[in-house]
Amino acid sequence: MFVDEVEISVSAGNGGKGLVSFRREKYVPKGGPDGGNGGRGGDVVLQASSQLHTLLDHRYRRSYTAGDGAAGGTALKTGRSGADEVILLPTGTIVRDAVSGEMIVDLVRNGQRFVVARGGLGGRGNAEFKSATHQTPRNAEPGRPGEARQLQLELKLIADVGLVGFPNAGKSTLISRLSAARPKIADYPFTTLEPNLGIVQYREYDSFTVADLPGLIEGAHEGKGLGIQFLRHVERTRVLMILIESFSDDFSRDIGILRGELAMYSKHLEQKPWFPCISKKDVADNDLESRISSLSLELGKPVLAFSSVSGENLDTLKDAMWEAIRVERDHDSTVDDDEA
(Lines give C-alpha, C1' and ligand atoms only; values in the text may rest on other atoms or scores of the structure.)
Protein backbone atom coordinates (compact mmCIF):
# COMPACT_ATOMS: atom_id res chain seq x y z
CA MET A 1 0.00 0.00 0.00
CA PHE A 2 1.31 3.45 -0.93
CA VAL A 3 0.99 6.03 1.85
CA ASP A 4 2.32 9.56 1.29
CA GLU A 5 0.90 11.50 4.26
CA VAL A 6 0.92 10.65 7.95
CA GLU A 7 1.23 12.34 11.34
CA ILE A 8 3.46 11.02 14.11
CA SER A 9 4.56 12.09 17.59
CA VAL A 10 8.18 12.01 18.74
CA SER A 11 9.66 12.37 22.22
CA ALA A 12 13.35 12.71 22.99
CA GLY A 13 14.75 11.07 26.13
CA ASN A 14 14.83 12.81 29.50
CA GLY A 15 18.15 13.56 31.11
CA GLY A 16 19.20 11.42 34.09
CA LYS A 17 19.16 12.92 37.55
CA GLY A 18 22.35 13.93 39.35
CA LEU A 19 23.41 11.96 42.43
CA VAL A 20 23.92 13.13 46.00
CA SER A 21 26.83 11.03 47.32
CA PHE A 22 29.89 11.39 49.55
CA ARG A 23 33.16 9.57 49.26
CA ARG A 24 33.37 6.84 51.91
CA GLU A 25 36.67 4.99 51.94
CA LYS A 26 38.81 3.62 54.72
CA TYR A 27 41.61 5.98 55.72
CA VAL A 28 40.01 8.85 53.74
CA PRO A 29 38.18 10.93 56.32
CA LYS A 30 35.81 13.58 55.08
CA GLY A 31 36.22 12.48 51.47
CA GLY A 32 33.79 15.09 50.24
CA PRO A 33 30.99 14.98 47.65
CA ASP A 34 31.43 12.59 44.73
CA GLY A 35 27.97 12.42 43.17
CA GLY A 36 28.14 12.25 39.36
CA ASN A 37 26.04 13.98 36.72
CA GLY A 38 23.11 12.33 35.03
CA GLY A 39 23.40 11.09 31.46
CA ARG A 40 21.97 12.97 28.50
CA GLY A 41 18.66 11.84 27.01
CA GLY A 42 18.67 10.32 23.54
CA ASP A 43 17.77 12.35 20.43
CA VAL A 44 15.09 11.56 17.87
CA VAL A 45 16.88 11.48 14.50
CA LEU A 46 15.27 11.40 11.06
CA GLN A 47 17.26 9.64 8.34
CA ALA A 48 16.45 9.52 4.63
CA SER A 49 16.68 6.16 2.87
CA SER A 50 16.41 5.58 -0.88
CA GLN A 51 15.36 2.00 -0.12
CA LEU A 52 11.97 3.20 1.14
CA HIS A 53 9.20 4.47 -1.12
CA THR A 54 6.18 4.84 1.16
CA LEU A 55 5.24 6.04 4.66
CA LEU A 56 3.21 2.91 5.29
CA ASP A 57 5.21 1.83 8.37
CA HIS A 58 4.38 5.08 10.12
CA ARG A 59 0.66 4.63 9.63
CA TYR A 60 0.75 1.71 12.05
CA ARG A 61 3.35 3.11 14.43
CA ARG A 62 2.57 6.72 15.30
CA SER A 63 4.73 7.29 18.40
CA TYR A 64 8.52 7.24 18.78
CA THR A 65 10.47 7.74 22.01
CA ALA A 66 14.22 7.92 22.56
CA GLY A 67 15.93 6.44 25.64
CA ASP A 68 16.28 8.31 28.93
CA GLY A 69 19.66 9.11 30.39
CA ALA A 70 20.77 7.14 33.44
CA ALA A 71 21.28 8.71 36.86
CA GLY A 72 24.76 9.78 37.92
CA GLY A 73 26.88 7.37 39.95
CA THR A 74 29.30 7.52 42.83
CA ALA A 75 32.97 8.40 42.38
CA LEU A 76 32.02 11.21 39.99
CA LYS A 77 30.68 8.78 37.39
CA THR A 78 28.42 10.31 34.75
CA GLY A 79 25.29 8.33 33.93
CA ARG A 80 24.93 6.53 30.61
CA SER A 81 23.38 8.58 27.78
CA GLY A 82 20.03 7.45 26.43
CA ALA A 83 19.86 5.65 23.09
CA ASP A 84 18.88 7.73 20.07
CA GLU A 85 15.68 6.85 18.22
CA VAL A 86 16.47 6.79 14.48
CA ILE A 87 13.42 7.01 12.21
CA LEU A 88 13.98 5.94 8.60
CA LEU A 89 11.97 7.90 6.04
CA PRO A 90 11.84 7.71 2.24
CA THR A 91 14.04 10.14 0.36
CA GLY A 92 11.81 13.03 -0.63
CA THR A 93 9.93 13.31 2.69
CA ILE A 94 8.99 16.81 3.83
CA VAL A 95 8.68 17.14 7.61
CA ARG A 96 6.48 19.86 9.11
CA ASP A 97 5.45 20.84 12.60
CA ALA A 98 1.88 19.55 12.88
CA VAL A 99 0.84 22.44 15.13
CA SER A 100 2.30 25.44 13.32
CA GLY A 101 2.58 23.94 9.84
CA GLU A 102 6.15 25.23 9.57
CA MET A 103 8.49 23.12 7.46
CA ILE A 104 11.26 21.63 9.59
CA VAL A 105 13.35 19.75 7.04
CA ASP A 106 13.19 18.40 3.50
CA LEU A 107 14.99 15.05 3.27
CA VAL A 108 16.21 15.00 -0.32
CA ARG A 109 19.50 13.04 -0.12
CA ASN A 110 20.00 9.39 0.69
CA GLY A 111 21.52 9.10 4.16
CA GLN A 112 20.65 12.68 5.15
CA ARG A 113 20.12 12.95 8.93
CA PHE A 114 18.33 15.56 11.00
CA VAL A 115 17.83 15.78 14.78
CA VAL A 116 14.15 16.66 15.10
CA ALA A 117 13.92 16.42 18.92
CA ARG A 118 16.88 16.84 21.26
CA GLY A 119 17.32 14.87 24.44
CA GLY A 120 17.32 16.60 27.81
CA LEU A 121 20.58 17.38 29.59
CA GLY A 122 21.50 15.35 32.63
CA GLY A 123 21.21 16.94 36.04
CA ARG A 124 24.34 17.94 37.95
CA GLY A 125 25.45 15.80 40.89
CA ASN A 126 26.33 17.29 44.24
CA ALA A 127 30.05 17.33 43.40
CA GLU A 128 29.29 20.16 40.94
CA PHE A 129 28.03 22.36 43.79
CA LYS A 130 31.12 22.11 45.98
CA SER A 131 32.85 25.39 46.77
CA ALA A 132 35.27 26.83 49.28
CA THR A 133 32.39 27.99 51.44
CA HIS A 134 30.11 25.02 50.81
CA GLN A 135 32.12 21.84 51.38
CA THR A 136 29.26 19.34 51.77
CA PRO A 137 26.49 20.17 49.31
CA ARG A 138 23.51 17.88 49.68
CA ASN A 139 21.61 18.92 46.63
CA ALA A 140 21.59 17.68 43.01
CA GLU A 141 19.60 18.54 39.91
CA PRO A 142 16.93 16.45 38.21
CA GLY A 143 17.44 15.75 34.53
CA ARG A 144 15.97 18.10 31.93
CA PRO A 145 13.00 16.78 29.96
CA GLY A 146 13.55 15.92 26.28
CA GLU A 147 11.77 17.75 23.48
CA ALA A 148 8.43 16.40 22.28
CA ARG A 149 6.57 17.41 19.12
CA GLN A 150 3.95 16.37 16.61
CA LEU A 151 5.21 15.93 13.07
CA GLN A 152 3.41 15.88 9.75
CA LEU A 153 5.17 13.80 7.11
CA GLU A 154 4.53 14.34 3.42
CA LEU A 155 6.24 12.26 0.76
CA LYS A 156 7.03 13.57 -2.69
CA LEU A 157 8.61 10.81 -4.74
CA ILE A 158 12.00 11.57 -6.24
CA ALA A 159 12.36 10.10 -9.71
CA ASP A 160 14.32 10.87 -12.85
CA VAL A 161 11.34 10.52 -15.19
CA GLY A 162 7.66 11.01 -14.35
CA LEU A 163 5.07 9.42 -16.65
CA VAL A 164 2.10 11.74 -17.18
CA GLY A 165 -0.95 10.82 -19.23
CA PHE A 166 -4.66 10.17 -19.29
CA PRO A 167 -6.06 7.01 -17.66
CA ASN A 168 -5.28 3.91 -19.75
CA ALA A 169 -2.53 5.67 -21.70
CA GLY A 170 -0.24 2.67 -21.13
CA LYS A 171 1.95 4.07 -18.34
CA SER A 172 1.72 0.99 -16.12
CA THR A 173 2.41 -1.39 -18.99
CA LEU A 174 5.44 0.67 -19.98
CA ILE A 175 6.99 0.72 -16.50
CA SER A 176 6.41 -3.03 -16.19
CA ARG A 177 8.39 -3.56 -19.41
CA LEU A 178 11.21 -1.19 -18.50
CA SER A 179 11.71 -2.24 -14.88
CA ALA A 180 10.94 -4.91 -12.30
CA ALA A 181 7.93 -2.92 -11.02
CA ARG A 182 4.66 -4.83 -11.30
CA PRO A 183 1.78 -2.35 -11.14
CA LYS A 184 -1.83 -3.39 -11.64
CA ILE A 185 -2.73 -3.43 -15.35
CA ALA A 186 -6.31 -3.62 -16.63
CA ASP A 187 -8.49 -2.29 -19.45
CA TYR A 188 -10.53 0.21 -17.41
CA PRO A 189 -9.82 3.81 -16.35
CA PHE A 190 -7.93 4.64 -13.14
CA THR A 191 -6.38 1.19 -12.84
CA THR A 192 -3.39 2.86 -11.19
CA LEU A 193 -4.57 4.08 -7.78
CA GLU A 194 -1.15 4.88 -6.36
CA PRO A 195 2.25 5.88 -7.78
CA ASN A 196 4.66 3.13 -8.75
CA LEU A 197 8.43 3.57 -8.82
CA GLY A 198 10.63 1.46 -11.06
CA ILE A 199 14.40 1.27 -11.55
CA VAL A 200 15.43 1.00 -15.20
CA GLN A 201 18.78 -0.59 -16.02
CA TYR A 202 20.48 1.34 -18.82
CA ARG A 203 23.30 -0.19 -20.82
CA GLU A 204 25.81 -2.00 -18.60
CA TYR A 205 26.40 0.16 -15.55
CA ASP A 206 23.84 2.98 -15.47
CA SER A 207 20.30 3.13 -14.16
CA PHE A 208 17.52 5.64 -13.59
CA THR A 209 14.15 5.75 -11.84
CA VAL A 210 10.74 6.13 -13.47
CA ALA A 211 7.54 7.05 -11.62
CA ASP A 212 4.20 5.83 -12.97
CA LEU A 213 1.56 8.24 -11.70
CA PRO A 214 -2.25 7.80 -11.68
CA GLY A 215 -3.95 9.12 -14.80
CA LEU A 216 -4.89 12.78 -15.10
CA ILE A 217 -8.15 14.07 -16.49
CA GLU A 218 -9.26 17.57 -17.37
CA GLY A 219 -9.98 19.38 -14.10
CA ALA A 220 -7.57 17.27 -12.04
CA HIS A 221 -6.09 20.42 -10.45
CA GLU A 222 -9.59 21.12 -9.04
CA GLY A 223 -9.90 17.67 -7.52
CA LYS A 224 -11.48 15.71 -10.36
CA GLY A 225 -10.41 12.10 -10.75
CA LEU A 226 -7.38 10.91 -8.78
CA GLY A 227 -4.67 13.14 -10.18
CA ILE A 228 -4.68 15.92 -7.61
CA GLN A 229 -3.75 13.42 -4.89
CA PHE A 230 -0.51 12.63 -6.68
CA LEU A 231 0.40 15.75 -8.66
CA ARG A 232 2.82 16.72 -5.91
CA HIS A 233 4.95 13.69 -6.79
CA VAL A 234 5.52 15.15 -10.26
CA GLU A 235 7.30 18.12 -8.66
CA ARG A 236 10.27 15.95 -7.69
CA THR A 237 10.97 14.42 -11.09
CA ARG A 238 13.79 15.72 -13.26
CA VAL A 239 11.94 15.22 -16.54
CA LEU A 240 8.30 14.65 -17.50
CA MET A 241 7.26 12.25 -20.23
CA ILE A 242 3.85 13.19 -21.67
CA LEU A 243 2.21 10.00 -22.89
CA ILE A 244 -0.60 10.02 -25.50
CA GLU A 245 -2.37 7.00 -27.00
CA SER A 246 -1.80 6.42 -30.70
CA PHE A 247 -5.55 6.36 -31.49
CA SER A 248 -6.21 9.79 -29.99
CA ASP A 249 -7.99 11.96 -32.55
CA ASP A 250 -5.97 15.07 -31.57
CA PHE A 251 -2.45 14.68 -30.16
CA SER A 252 -1.91 18.41 -29.77
CA ARG A 253 -5.16 18.92 -27.85
CA ASP A 254 -4.42 16.09 -25.43
CA ILE A 255 -0.90 17.32 -24.73
CA GLY A 256 -2.32 20.80 -24.14
CA ILE A 257 -4.84 19.47 -21.61
CA LEU A 258 -2.22 17.52 -19.67
CA ARG A 259 0.32 20.34 -19.61
CA GLY A 260 -2.45 22.76 -18.69
CA GLU A 261 -3.40 20.68 -15.65
CA LEU A 262 0.25 20.59 -14.55
CA ALA A 263 0.58 24.36 -14.99
CA MET A 264 -2.62 25.13 -13.07
CA TYR A 265 -1.44 22.95 -10.19
CA SER A 266 2.00 24.55 -10.05
CA LYS A 267 3.90 27.07 -12.20
CA HIS A 268 7.01 25.08 -11.33
CA LEU A 269 5.60 22.09 -13.23
CA GLU A 270 4.91 24.24 -16.27
CA GLN A 271 8.62 25.03 -16.52
CA LYS A 272 9.84 21.47 -15.95
CA PRO A 273 11.59 19.81 -18.93
CA TRP A 274 9.34 17.41 -20.84
CA PHE A 275 9.14 15.38 -24.00
CA PRO A 276 6.16 13.80 -25.80
CA CYS A 277 5.68 10.12 -26.67
CA ILE A 278 2.97 8.14 -28.43
CA SER A 279 2.07 4.78 -26.91
CA LYS A 280 0.37 1.68 -28.33
CA LYS A 281 2.05 1.94 -31.74
CA ASP A 282 1.07 -1.67 -32.42
CA VAL A 283 -2.63 -0.72 -32.78
CA ALA A 284 -2.11 2.60 -34.58
CA ASP A 285 -3.68 3.68 -37.88
CA ASN A 286 -1.67 3.87 -41.07
CA ASP A 287 -1.42 7.64 -40.90
CA LEU A 288 0.40 7.64 -37.54
CA GLU A 289 3.78 8.61 -38.99
CA SER A 290 2.39 11.67 -40.80
CA ARG A 291 0.51 12.76 -37.67
CA ILE A 292 3.68 12.40 -35.60
CA SER A 293 5.64 14.49 -38.13
CA SER A 294 3.04 17.24 -37.94
CA LEU A 295 3.07 17.16 -34.14
CA SER A 296 6.86 17.29 -34.04
CA LEU A 297 6.89 20.38 -36.27
CA GLU A 298 4.21 22.02 -34.15
CA LEU A 299 5.98 21.37 -30.84
CA GLY A 300 9.52 21.85 -32.08
CA LYS A 301 10.42 18.59 -30.35
CA PRO A 302 11.07 15.04 -31.60
CA VAL A 303 8.12 12.72 -30.95
CA LEU A 304 8.70 9.01 -30.45
CA ALA A 305 6.09 6.28 -30.93
CA PHE A 306 6.55 2.92 -29.22
CA SER A 307 4.73 -0.24 -28.23
CA SER A 308 5.07 -1.75 -24.76
CA VAL A 309 3.34 -4.92 -25.98
CA SER A 310 5.54 -5.68 -28.98
CA GLY A 311 8.63 -3.96 -27.57
CA GLU A 312 9.05 -1.79 -30.65
CA ASN A 313 11.26 1.28 -30.01
CA LEU A 314 11.60 0.59 -26.26
CA ASP A 315 15.39 0.71 -26.48
CA THR A 316 15.15 3.97 -28.41
CA LEU A 317 12.80 5.28 -25.73
CA LYS A 318 15.30 4.43 -22.99
CA ASP A 319 17.98 6.30 -24.96
CA ALA A 320 15.70 9.35 -25.14
CA MET A 321 14.97 9.16 -21.42
CA TRP A 322 18.64 8.85 -20.55
CA GLU A 323 19.63 11.78 -22.75
CA ALA A 324 16.97 14.03 -21.15
CA ILE A 325 18.11 12.95 -17.68
CA ARG A 326 21.77 13.51 -18.54
CA VAL A 327 21.06 17.08 -19.68
CA GLU A 328 19.26 17.86 -16.41
CA ARG A 329 21.94 16.24 -14.28
CA ASP A 330 24.60 18.30 -16.04
CA HIS A 331 22.51 21.42 -15.50
CA ASP A 332 22.07 20.65 -11.79
CA SER A 333 25.79 20.08 -11.31
CA THR A 334 26.56 23.38 -13.07
CA VAL A 335 24.14 25.23 -10.79
CA ASP A 336 25.69 23.59 -7.71
CA ASP A 337 29.19 24.62 -8.86
CA ASP A 338 28.05 28.22 -9.40
CA GLU A 339 26.46 28.38 -5.95
CA ALA A 340 29.60 26.95 -4.36
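This is a chat about a predicted model, moving from its sheet to its cores, its hollows and a few single residues.

Biologist: Let's begin with the open sheet: how many strands form it, and in what order?

Modeller: Six strands form the open sheet, in the order 10-11-9-12-13-14, and their pairing is mixed. The edge strands are strand 10 (196–202) and strand 14 (304–305), each of which pairs on one side only.

Biologist: What holds strands of a sheet together, in general?

Modeller: Strands of a sheet pair through backbone hydrogen bonds, and they can do this either parallel or antiparallel.

Biologist: Okay, and in which sense does strand 9 pair with strand 12?

Modeller: Strand 9 (residues 161–165) pairs with strand 12 in the parallel sense, over five bridges. Within that pairing, valine 164 stands opposite isoleucine 242, while valine 161 has valine 239 as its bridge partner in strand 12.

Biologist: What about strand 9 and strand 11, how many bridges there?

Modeller: Strand 9 and strand 11 (residues 206–212) also pair in the parallel sense, over three bridges. Here valine 161 stands opposite valine 210 of strand 11.

Biologist: Is strand 9 enclosed or exposed, then?

Modeller: Strand 9 is largely enclosed by the rest of the structure, because five of its five residues are buried. Buried here means under 20% relative accessible area. Val161, Leu163 and Gly165 point one way from strand 9, whereas Gly162 and Val164 point the other way, and all of them are buried.

Biologist: Why would neighbours in a strand point opposite ways?

Modeller: In a regular strand the side chains alternate between the two faces of the sheet.

Biologist: Changing topic: how many residues are in the largest nonpolar core, and which have the most contacts inside it?

Modeller: The largest nonpolar core has 24 residues, and those with the most contacts inside it are Val234, Ile242, Leu262 and Ile278. Helix 3 (231–234), strand 12 (239–245), helix 4 (251–265), strand 13 (274–279) and helix 6 (288–299) each supply at least two residues of this core. Helix 4 gives the most to it, with five residues.

Biologist: What is isoleucine 278 in contact with?

Modeller: If we leave aside its neighbours within four places in sequence, the contacts of isoleucine 278 include Ile244, Phe251, Leu288, Ile292, Leu295 and Phe306. Apart from the largest core lies another core, of 23 residues, with Leu55, Ala66, Ala117 and Leu153 among them.

Biologist: Now for the hollows: how much space is in the largest pocket, and what lines it?

Modeller: About 420 Å³ of space lies in the largest pocket. Its lining has 15 residues, of which Ser50, Thr91, Ile158, Leu197 and Thr209 are the closest to its centre. By class, the lining of this pocket divides into six nonpolar, six polar and three charged residues.

Biologist: And which residues line the second largest cavity?

Modeller: The second largest cavity, with a volume of about 30 Å³, is lined by Leu240, Ile242, Arg259, Leu262, Leu269, Glu270, Lys272 and Trp274. Strand 12, helix 4 and helix 5 (267–270) are the elements that give two or more residues to that lining. Five of the lining residues are nonpolar, none are polar and three are charged. Ile242 and Leu262, which are part of this lining, also belong to the residues with the most contacts inside the largest core.

Biologist: Back to strands: which strands does strand 5 pair with, and in which sense?

Modeller: Strand 5 pairs in the antiparallel sense with strand 6 (residues 103–107) over four bridges, and also in the antiparallel sense with strand 8 (residues 148–155) over five bridges. On the strand 6 side, isoleucine 94 stands opposite aspartate 106, and on the strand 8 side the bridge partner of aspartate 97 is leucine 151. Strand 5 (residues 93–97) is mostly covered, since four of its five residues are buried.

Biologist: What sits in the hairpin of strand 5 and strand 6?

Modeller: That hairpin has five residues between the strands, and glycine 101 takes a positive phi near 80° there.

Biologist: Last one: where is phenylalanine 114, and what is it in contact with?

Modeller: Phenylalanine 114 has its place in strand 7 (residues 113–117), and it counts as partly exposed because its relative accessibility is 28%. Leaving aside neighbours within four places in sequence, phenylalanine 114 is in contact with Val44, Val45, Leu46, Ile104 and Val105.

Conventions: Residues numbered from 1 in each chain as written. Predicted model: local features only at pLDDT ≥ 70, side-chain atom pairs only at ≥ 80, totals over all residues. Heavy atoms only, no water. 1 Å grid on protein atoms, 1.4 Å probe; cavity = no way out; pocket = protein on both sides within 12 Å on 5 of 7 lines; lining within 4 Å. Points joined across faces, edges and corners; volume = space filled by probe spheres on them. Nonpolar A, V, L, I, M, F, W, Y, C, P; charged D, E, K, R; others polar. Buried < 20%, exposed > 50% of the residue type's maximum accessible area, 1.4 Å probe, protein only. Pairing = 2+ DSSP bridges. Core = buried A, V, L, I, M, F, W, Y, C linked by side-chain atoms within 4.5 Å. Contact = heavy atoms within 4.5 Å.
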